[in-house]
Amino acid sequence: MSEINNGQSETRVIEAGPPLWLLAEITYACPLHCAYCSNPLNLTDKKDEIGTEEWLRVLSEARDMGAVQLGFSGGEPLLRKDLEQMVAHASELGFYTNLITSGIGMTEKRIAALKDAGLDHIQLSFQAANAEANDLIGNRRHSFAQKLEVAKLIKQYEYPMVLNFCLTAQNIDQIDDVLALATELDADFVELATVQYYGWAYVNRDQLLPSKATLEAAEAKVNAFRDKQNGKGPKFIFVSPDYYEDRPKACMNGWGSTFLTVTPDGSALPCHSAKILPMTFPNVKDKSLQDIWYQDFSFNKFRGYDWMPSPCRDCDEKEKDFGGCRCQAYMLTGDMYQADPVCSKSPHHHTIEAAIESAAKQHDKSVILRDPKNKIDIVTV
């Protein structure tokens, strides 16, 4: 529980439970250059990354607060040579640990060391179901072959086989091949994640966004495939882009309610994309996670419902979606307090309709691949 003055005479009390899920983005360095990367447009320089001891302290503080799930992410977390040390520390603390990886840089020696350190789970991403498309999207030759080898290692070392396929207009028509590959690799769970539009993906939105008809056709194929499985084989989860919904998602289960992200430079965020907002976020180098989570203004800013303008404040669905995504509201309206434009009740819903219409006119679906040398600022509508 914490208190925050709302600019009036009274101080309102904010009820906040502990963060249950910690996302440790230990580096933004990455060997791939995906056109849909959701990381910030201007990445943290490697020299500004916090060190091993700082990360070990962060993990200890998060566990003391009650966090139970821990994701090691990036960038590509395998590029941190101290990853095994962090995993071992997290395992000793009692975290359930998950490595979210492209697989590039994984070797048998490395996966054996991670297993010895106590890593519980590996989530492996694919850009497509064949070498040509996969390597083109990630802008790295032979990455598909490397991913196949890593998939074999994951099975060999008896990890759950969890795959993530990022679906865009460039590969969604290959959904049959994706289903076949996941089955061939004997995956346990497969997330068919249609890209959401943050970071670099927002720059390429018109090129990446599939049409509604294409999306529905792909989902129908997934459902038909499930029906033929008779409960056997991979469990497929199909994630649609929320641009085609009429109600927004409950972003991160509600601002500052469940998820806590720490970025490579030590910034603490209520969600992965929050750095795009016109706010100053705290840093673990300056404050404890306890102070950040319960006391910092940025984490309290969108907790509860008092911050909401209409139509969210008066909506009987606000306890379901919490007004939607603050980052999406800011990107599409220029105002982070607005209702998520995905919502049909939003006065800015036309921006979503315009985005869909613009994407439909993009006959040339070529994309701008991410390059760390590029410096592009998001321009709000």
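**View 1. Strand 6, wrapped up on both sides.** A residue counts as buried here when its relative accessible area is under 20%. By that cut-off, six of the six residues of strand 6 (residues 121-126) are buried in this predicted model, so the strand is largely enclosed by the rest of the structure. In a regular strand, side chains alternate between the two faces of the sheet. Here both faces are covered: His121, Gln123 and Ser125 are buried on one side, and Ile122, Leu124 and Phe126 are buried on the other.

**View 2. Strand 6 meets strand 5.** Strands of a sheet pair through backbone hydrogen bonds, either parallel or antiparallel. For strand 5 and strand 6 the pairing is parallel, and it runs over four bridges. To find your way along the pair, look for Ile100, whose bridge partner in strand 6 is Gln123. Gln123 is also one of the buried residues of strand 6, on the side that has His121 and Ser125.

**View 3. The whole sheet, edge to edge.** Nine strands make up an open sheet with mixed pairing, and their order reads 9-8-7-6-5-4-3-10-11. The edges are strand 9 (235-239) and strand 11 (268-269), each of which pairs on one side only. At the strand 11 end, two bridges tie that strand to strand 10 (residues 259-262), and the two run antiparallel. A handy landmark there is Val262, which sits opposite Ala268 in strand 11.

**View 4. Helix 2 lying over the sheet.** Helix 2 (residues 83-93) lies across two strands, strand 4 (69-73) and strand 5 (96-101). The helix runs at about 175° to strand 4.

**View 5. Helix 13, tucked away.** Eight of the eight residues of helix 13 (residues 326-333) are buried, so to speak from Arg326 through to Thr333. Among them are Cys327, Tyr330, Met331 and Leu332. The cover over these buried residues includes helix 7 (200-203), helix 8 (205-208) and helix 14 (350-360). Right after the helix comes Gly334, with a positive phi near 80°.

**View 6. A cavity with cysteines close to its centre.** Rolling a probe the size of a water molecule over the atoms shows where empty space is left. The structure holds one cavity of 30 Å³ or more. The largest cavity has about 90 Å³ of space, and 13 residues line it. Closest to its centre are Cys312, Cys315, Asp321, Gly323 and Cys343. What kinds of residues make up the lining of the largest cavity? Six are nonpolar, two are polar and five are charged.

Key
Residues are numbered from 1 along each chain as its sequence is written. This is a predicted model: local features need pLDDT of at least 70, side-chain atom pairs count only at pLDDT 80 or more; totals for chains, interfaces and linings use all residues. Side-chain values use heavy atoms; hydrogens and water are left out. Two strands pair if DSSP finds at least two bridges between them. Contact means heavy atoms within 4.5 Å. Axes are lines fitted to C-alpha atoms, for helices over the stretch in contact, and angles run from 0 to 180 degrees between N-to-C directions. On a 1 Å grid over the protein atoms alone, a cavity is a set of points where a 1.4 Å probe fits but cannot get out, and a pocket is an open set with protein on both sides within 12 Å along at least five of seven lines; lining residues have an atom within 4 Å of a point. Grid points are joined across faces, edges and corners, and a volume is the space filled by probe spheres set on the points. Ala, Val, Leu, Ile, Met, Phe, Trp, Tyr, Cys and Pro count as nonpolar, Asp, Glu, Lys and Arg as charged, and the others, Gly among them, as polar. Buried means under 20% relative accessible area, exposed over 50%, partly exposed in between (1.4 Å probe, protein chains only).
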